Amino acid sequence: MNIVNILEEIEKVDGEIYERLSPRRSAMKDFYSMGKKIAFAAAPLALGSMFTKAYGQTLPTAVVNTLNFALSLEYLEYHFYNHALLGTDVTFAYPTTAAKAAITTIRDHELAHVNLLKGALGTSARAEITYAMTDFTASGTFGDVYQNYLTFLKVALGFEDTGVRAYKGQATVLKGLSVLTTALQIHSVEARHASHIRQMLAAAGASIKPWISLGAGGIANDTGVPQVDPVYAGESLDVQAGVTITGINGNTGVTKAAAVECFDEPLDGASVAVIANLFLRTGSKL
Amino acid sequence: MKNNELEIKDELKEKSLFNGSLGRRSFLQFAGASAAGMALVAAGCKKDRGYPDMNAGATLDFKDDFGVLNYAYALEQLEAAFYVKVASAPPSSFTAAQKAYFQDIQFHEIAHREFFKNALSTAAIGSLEVDFSSIDFTSATSVLGAAMTFEDLGVAAYNGAGVRIKTDAYLVLAGKIVSVEARHAAYIRDIISNGSFADLNSLTALGANNAAGLDGALTPDKVLAAAGKYIKTKINVINL
């Protein structure tokens, strides 16, 4: 990570970034040299706290709310995967070492997102969500989530596809802000996760593509798991900005399924909260 | 008569100077381009005709959302052209499933391209001429490597351009497309090496940061410089 580059990018948008960060240029020099010395893993945290000092007072409420909303989802995802790797009540076996490695990669990214968002929010960050506050069986809907590898993957897919939709749904709140770029960089990582989880499901025998297709009988949910219908509500759209995508400009190869696949749909905050709350215990719901 | 001759001479002078039909107005825009834009034009100049062909170029004017949308249109044109070629004659070692998914991706990119064309209407840039001479379309390794480059670069391009978009609807549309490109990228990466779907350490040159769990994000000048070898049409970037 090139911290100096990031600062220069911000300077293009906010010419006073250096003044905000510190009225003393020497303090910035300290940070530059620190950036070279501190461990790679600690850099985002240090950077996050630096931005909090710079913008913490002026971060608009809507932005704080959106980042805290994202933080809640990242906590959920992190605990879901972390427990699948470390939980003593987990009885399913990963079919391959690659499968476990992939879940580890995803867990590590979710933790990185938690830390990044916490750092960016600083004292405005919401209270921590612990594993004890979660219920990944969703009150029994996915009762064998940690005993059945397939169930585990289905819930994982629900989290990833929801995450992708949730970030998209919040994009306009962050419009024009440097933090939008960060949110987009998280968003596409979640989409990469979703694609891989879908491939893991396919490897386990499910009929599913790496991208969200049209469900059987033309429904929006392409997973074959009716319990996750709310995750895919509205995904079967094939008209974008007034342009009908199916068969566009005589391209008959662009079927309704292709038209649905090539645009992922956003999901509004309230709908995402309903889904997230299925996995949070009473007293900890959003 | 004399006046006419002078006018013709002046016209000729202007033509030789500005090489064809480049108008005064666009020259002024060109002259006012940022240093980054100028460097990009210089880098994109093709030597085969002996002079820079201003006439055939496409101009991306980033002063407003149309510039960003045309930028996306340019990248989607490139991707679509690539996948059309792959899908029409896939490498012989591709499995049936891989052939089917490359067909899928082909139609996704065609749909993206045609969407931007229709949405931009008269504001759309023309069709770009591509140059895939560096890709061996009979080799799975070469095709997959190029596909990964296009998808990862596409993701970084949308991620880096999002902050420039001023209209809510366009920002959401860019978001709707970029996650599909990320799904493509993960799929292609997993064919090349299973588990590399989100190997952010391999994407640092595109602005990714593994420690923070962040994907790539690049400014348009950097994206176009990287995509330059695949595009014959000269792309002029202004107001970046």
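**Burial, bridges and rings in a two-chain model**

Colleague: Is B:D64 buried, partly exposed or exposed?
Modeller: This is a predicted model, and everything we discuss is computed from it. The relative accessible area of B:D64 is 26%. Buried would need under 20% and exposed over 50%, so B:D64 is partly exposed.

Colleague: Which residue does the side chain of B:D64 meet in a salt bridge?
Modeller: The partner is a residue that counts as exposed, at 52% relative accessibility. The N to O distance is 4.0 Å, and the partner is B:K63.

Colleague: Which residue of chain B is in the network joined by salt bridges that share partners?
Modeller: Four members of this network belong to chain A: A:D161, A:R198, A:D222 and A:D264. The member from chain B is B:R183.

Colleague: How far apart are N and O where B:R183 and A:D264 meet?
Modeller: Here is the idea behind it: side chains of opposite charge can pair when their charged atoms come close. The side chains of B:R183 and A:D264 meet in a salt bridge, with an N to O distance of 2.9 Å.

Colleague: How many salt bridges does the rule find across the interface of chain A and chain B?
Modeller: Over all chains, a search of the whole structure finds 17 salt bridges. Across the interface of chain A and chain B, the number found is seven.

Colleague: Which helix of chain A gives the largest share of the side that touches chain B?
Modeller: There are 29 residue pairs in polar contact across this interface. On the chain A side, α6, α7, α8 and α9 each supply at least two residues. The largest share is 18 residues, and these come from α8(A).

Colleague: About how much area do chain A and chain B bury between them?
Modeller: The contact takes 61 residues from chain A and 55 residues from chain B. Of the buried area, 64% is on carbon and sulfur atoms, and the total is about 4700 Å².

Colleague: Which residues of chain A lose the most area to chain B?
Modeller: Together they account for 18% of what the chain A side buries. They are A:Q185, A:R192 and A:W211.

Colleague: Let's look inside chain A. Which residue forms a salt bridge with A:D222?
Modeller: A:D222 is in the loop between α8 and β1 of chain A, and it is buried, with a relative accessible area of 11%. Its partner is also buried, at 0%. Their side chains meet at 2.9 Å, N to O, and the partner of A:D222 is A:R198.

Colleague: Whose backbone nitrogen does the side chain of A:D222 reach?
Modeller: Leaving aside neighbours within four places in sequence, A:D222 is in contact with several residues, including A:W211, A:S213 and A:Y232. The side chain of A:D222 reaches a backbone nitrogen at 2.9 Å, and that nitrogen belongs to A:S213.

Colleague: How many residues apart in sequence are A:K209 and A:E261?
Modeller: A:K209 forms a salt bridge with A:E261, with the closest N and O atoms 2.8 Å apart. A:K209 is in the loop between α8 and β1, A:E261 is in helix α9, and the pair links parts of the chain that are distant, 52 residues apart.

Colleague: Why is the ring pair of A:F80 and A:F152 called stacked, and what is the angle between the planes?
Modeller: The search finds 31 aromatic pairs over all chains. For A:F80 and A:F152 the ring centres are 5.0 Å apart. Planes under 30 degrees apart count as stacked, and the pair qualifies because its planes are at 20°.

Colleague: How many residues apart in sequence are the parts tied together by A:F80 and A:F152?
Modeller: A:F80 counts as buried at 0% relative accessibility, and A:F152 is buried at 0% too. A:F80 lies in helix α5 and A:F152 in helix α7, so the pair ties together parts whose separation in sequence is 72 residues.

Colleague: What is the phi of A:S139, roughly?
Modeller: A:S139 sits in the loop between α6 and α7 of chain A, and it counts as exposed at 69% relative accessibility. Although A:S139 is not a glycine, its phi is positive, at about 55°.

Methods
Residues are numbered from 1 along each chain as its sequence is written. Chains are lettered from A and ligands numbered from 1 in the order in which they are written. This is a predicted model: local features need pLDDT of at least 70, side-chain atom pairs count only at pLDDT 80 or more; totals for chains, interfaces and linings use all residues. Side-chain values use heavy atoms; hydrogens and water are left out. Contact means heavy atoms within 4.5 Å. Buried area is the accessible area (1.4 Å probe) that two parts lose on being put together, summed over both. A polar contact is a pair of N or O atoms within 3.5 Å; within protein, one must be able to donate a hydrogen and the other to accept it, and residues adjacent in sequence count only if both atoms are side-chain atoms. Helices (H or I, at least four residues) and strands (E, at least two) are DSSP runs, numbered from the N terminus. Rings of Phe, Tyr and Trp (its six-membered ring) pair if their centres lie within 6.5 Å; planes under 30 degrees apart count as stacked, over 60 as edge-to-face and the rest as tilted. Buried means under 20% relative accessible area, exposed over 50%, partly exposed in between (1.4 Å probe, protein chains only).
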